[in-house]
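Good morning, colleagues. Please bring up the sequence and the model on the screen, and we shall go through them together.

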There are 4 protein chains.
Amino acid sequence: MDVLLTGFDPFDGEDTNPSWDAAVAVKPTGYRLTTLRLPCAFGDSIAELREALATRYYDLVVSVGQAGGRTDFTLERVAVNLDDARIPDNTGAQPIDEPVVPGGPAAYFTGLPVKACVAALQAEDIPASVSQTAGTFVCNHVFYGLMHLVTTEHPGLRAGFVHVPLSPAQAEGRDLPSLPVETTAKALDLIIRTSLSTSVDLRITAGTLH
Amino acid sequence: MDVLLTGFDPFDGEDTNPSWDAAVAVKPTGYRLTTLRLPCAFGDSIAELREALATRYYDLVVSVGQAGGRTDFTLERVAVNLDDARIPDNTGAQPIDEPVVPGGPAAYFTGLPVKACVAALQAEDIPASVSQTAGTFVCNHVFYGLMHLVTTEHPGLRAGFVHVPLSPAQAEGRDLPSLPVETTAKALDLIIRTSLSTSVDLRITAGTLH
Amino acid sequence: MDVLLTGFDPFDGEDTNPSWDAAVAVKPTGYRLTTLRLPCAFGDSIAELREALATRYYDLVVSVGQAGGRTDFTLERVAVNLDDARIPDNTGAQPIDEPVVPGGPAAYFTGLPVKACVAALQAEDIPASVSQTAGTFVCNHVFYGLMHLVTTEHPGLRAGFVHVPLSPAQAEGRDLPSLPVETTAKALDLIIRTSLSTSVDLRITAGTLH
Amino acid sequence: MDVLLTGFDPFDGEDTNPSWDAAVAVKPTGYRLTTLRLPCAFGDSIAELREALATRYYDLVVSVGQAGGRTDFTLERVAVNLDDARIPDNTGAQPIDEPVVPGGPAAYFTGLPVKACVAALQAEDIPASVSQTAGTFVCNHVFYGLMHLVTTEHPGLRAGFVHVPLSPAQAEGRDLPSLPVETTAKALDLIIRTSLSTSVDLRITAGTLH
């Protein structure tokens, strides 16, 4: 099984991005892993992802982003057709209320078995939950772009997006939750293995009240 | 101008729901206000809302729900076609991964000028922001149902959803943010007036990084 | 009854400080109010407070500071004999692990009826709680200095410290709790009136598990 | 070197307490470890600790407690002479505003090199900080009792208190931070080793603004 795992460049003044640091620290067990570092940039990020998918066949694509302030690994459930950038991306672009794909549907649901992934992580004493929003910055942009590529160019490809907490070094002095990068790498491997081995997602609740 | 403002019954073991307590405390200035208390119940809530919309003409519908843990008034931007109940609703129903409307689109965007509303609240020293998820419980259910009714039965009707923080009494001893119900009532009036007077929303950023 | 209410200069890059903005917005009912704006500076802040207390008689002194991230009005219970500055004060001083008063006791308890104050605020639908730490920056410095002045120079003077949340303008875009300055001013008046009228504090729980 | 590491019984309706689960999972490297499980009970907890210290000589005592909601390992800096129980302890006792030790000083500072411990944890990619309050429940009670025992009966004994976050299983569905118990055990070993090898604490800032 061939798996593409993408992480991001650092952004927002950070020196590191745990999505990438953890991606390259994954020790794949039972699958072939390709890692791809995406720029934190509207447009270019999807273009690079599109090219990677056009160049080689993958059974699974997991895109990963940093979510400062979140307490656990969050399996994103829905990508929204909206760019609304609170800060400029790494190229200085700051779209406001523009669609990721003009004319695309308002949203796509993930292709990952998000509940089976949460259960697998929790079984290993790793905190995890399902998230109902990937925001409106480059993470959601890539997530929506990925699901649009699946729908329009790679039907049947299993794909989705995961947000990871800050690393302890990033959280220092800011009273924000964090997890060791080693734990994040272990979590990404578990998410990949669970996604490869699960054909029908679990029917357990993982919703939020608001 | 005729405005329908809906709040909810208390749920999750609470005795009160600030969405309703504040709705009935609104002092309308320049519009006629009808308030409707919806049951915290999948299905029935939308049915009651549908009947209210069928019975009388409204220029604007604002549905309001309680969001325990949020720090400010959140103008919801997107409703998702998904019920995933972490807890049972007030009738004991607990749907998991079911669509609000079978065959409906994955999501609807709000019909409210959410950014103009946020700006109007901030100008009055009231904390507010745009939210990218209304969750997957009865609030999102009503929001999606409302936008589906607008699309299919009441085209042109301006409508949307707002989440309000807990009241101070609810937050007591739980280290959760809260706002006085008087402030919430003032906020709802401002949201209504801004929605009635704004034809094109402001083009300012109100996105989230994740 | 003569009351001294102190607030602080803005610090940490902020343009405003709600402790001061609210102090000057208090409308005193039944007491004479003097307000004093303290510099956000180790040493100088206590010196100015000491001078104010030496110049005129007060029945009550309430010092107020800003607590970014807190959800409610927090009546501080204990001042610690320790300066440990995460950031420089407004004069550039950044003491690390130094006593506020060399040779002073490790801590002083507040002289305010903190539980009666919390109850009075909650009765007016204003969120409040007791806090067990005022930090180790200038707020705790002033609180400790104030209680030391009471002990050594003004025995019998009722005095204490209150932290207030950010204003909505300060919290904008940062996902931090905030309260309107109008609410903060109302809260400070209630705290003053309750402190003046309460001789024995209520015996209700207001502790924290950690 | 002989080290006593104490954890607590589960409390507040929990089935587990990570302070104990991690304590027994510590693999000591370079010291002899004794673990002691304390009851979550005012009075009895200190009595059992006192007996343990009377029975055998220790070079270091580290008491550990659970801090639900905290994001990292927190080295407690100050113990306060105050019991104020928000909930009953495991025996049903709920003291309000009573001293831990009648006539004792208002507070004791920790005997651990808390900043060296924080630095050692961060160097291993483990999140940590110094805390200025251990609350007013059984954790602070034990911490104050321990420091009082050191002062009155075991002068020279190095001792202190550490709070640890929830385990992932405890945090499930509650949107609270957590860390794997394996990480907590690793952190406790590092804290012990750093405390044994550090004679003078680091002079780096670890304070809080409030």
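With a relative accessibility of 9%, T183(B) counts as buried, the limit for that class being under 20%. The model is a predicted one, and every value I quote is computed from it. T183(B) belongs to helix 6 of chain B, which spans residues 181-197. What does T183(B) touch, once residues up to four places away in sequence are not counted? The answer is F73(B) and I126(B), together with P180(C) and T183(C). The contact list of T183(B) therefore includes residues of chain B and of chain C.

Let me set a second threonine beside it. T35(C) sits in strand 2 of chain C, residues 32-38. Is T35(C) buried or partly exposed? Its relative accessible area is 32%, so T35(C) is classed as partly exposed; that class lies between the limits of 20% and 50%. Neighbours within four places in sequence aside, T35(C) is in contact with L5(C), W20(C), A23(C) and V24(C). As for A23(C), it stands 12 residues from T35(C) along the chain, and the two C-alpha atoms are separated by 6.8 Å.

I turn next to strand 10, beginning with chain B. Strand 10 of chain B comprises residues 158-164, and six of its seven residues are buried, so the strand is largely enclosed by the rest of the structure. Which strands pair with it? One is strand 3 of chain B, residues 60-66, which pairs with strand 10 in the parallel sense over seven bridges. Within that pairing, S63(B) has F161(B) as its bridge partner. Another is strand 4 of chain B, residues 73-76, which runs antiparallel to strand 10 and is joined to it by two bridges. There, L75(B) has V162(B) as its bridge partner. As a general remark, side chains in a regular strand alternate between the two faces of the sheet.

Chain C may be described in parallel terms. Six of the seven residues of strand 10 of chain C, residues 158-164, are buried, and the strand is therefore largely enclosed by the rest of the structure. Strand 3 of chain C, residues 60-66, runs parallel to strand 10 of chain C, and seven bridges join them. Strand 4 of chain C, residues 73-76, runs antiparallel to strand 10 of chain C, with two bridges between them. One residue to note here is H163(C): it is the bridge partner of G65(C), and it is also the bridge partner of T74(C).

The next topic is the aromatic residues. How many aromatic pairs are there over all chains? The count comes to 16. In one of them, the rings of F11(A) and F137(A) have centres 5.9 Å apart and planes at 35 degrees, so the pair is tilted; the tilted class begins where planes are no longer under 30 degrees apart. This pair links distant parts of the chain, 126 residues apart. F11(A) lies in the loop between strand 1 (2-8) and helix 1 (18-23) of chain A, and F137(A) in the loop between strand 9 (128-131) and helix 4 (138-152) of chain A. Both F11(A) and F137(A) are buried. In chain C, F11(C) and F137(C) also form a tilted pair, at 5.9 Å centre to centre and 35 degrees between the planes. F11(C) and F137(C) are both buried as well. Returning to chain A, F42(A) joins F11(A) and F137(A) in one aromatic cluster.

Let us now consider a helix. Helix 2 of chain D, residues 44-55, has 12 residues and reaches 17 Å from its first C-alpha to its last, close to the 16 Å expected at 1.5 Å a residue. Which of its residues are buried? They are S45(D), I46(D), L49(D), A52(D) and L53(D). These cover an arc of only 125 degrees around the axis, which means that they lie on the same side of helix 2 of chain D. On the other side, E51(D), A54(D) and T55(D) are exposed. The cover over the buried residues includes strand 1 (2-8), strand 2 (32-38), strand 3 (60-66) and helix 4 (138-152) of chain D.

I close with the relation between two of the chains. A turn of 180 degrees, with a shift of 0.0 Å along the axis, lays chain D on chain C with an RMSD of 0.0 Å. That is why the relation is that of a two-fold axis. The same surface serves both copies, since 97% of the contact residues of chain D recur in chain C.

How values were computed:
Residues numbered from 1 in each chain as written. Chains lettered and ligands numbered in written order. Predicted model: local features only at pLDDT ≥ 70, side-chain atom pairs only at ≥ 80, totals over all residues. Heavy atoms only, no water. Least-squares fit on C-alpha atoms with pLDDT ≥ 70 in both. Contact = heavy atoms within 4.5 Å. Buried < 20%, exposed > 50% of the residue type's maximum accessible area, 1.4 Å probe, protein only. Helix = DSSP H or I, 4+ residues; strand = E, 2+ residues; numbered from the N terminus. Pairing = 2+ DSSP bridges. Phe/Tyr/Trp six-rings, centres within 6.5 Å; stacked < 30°, edge-to-face > 60°. Expected span 1.5 Å × (residues − 1). Arc of directions from axis to C-beta.
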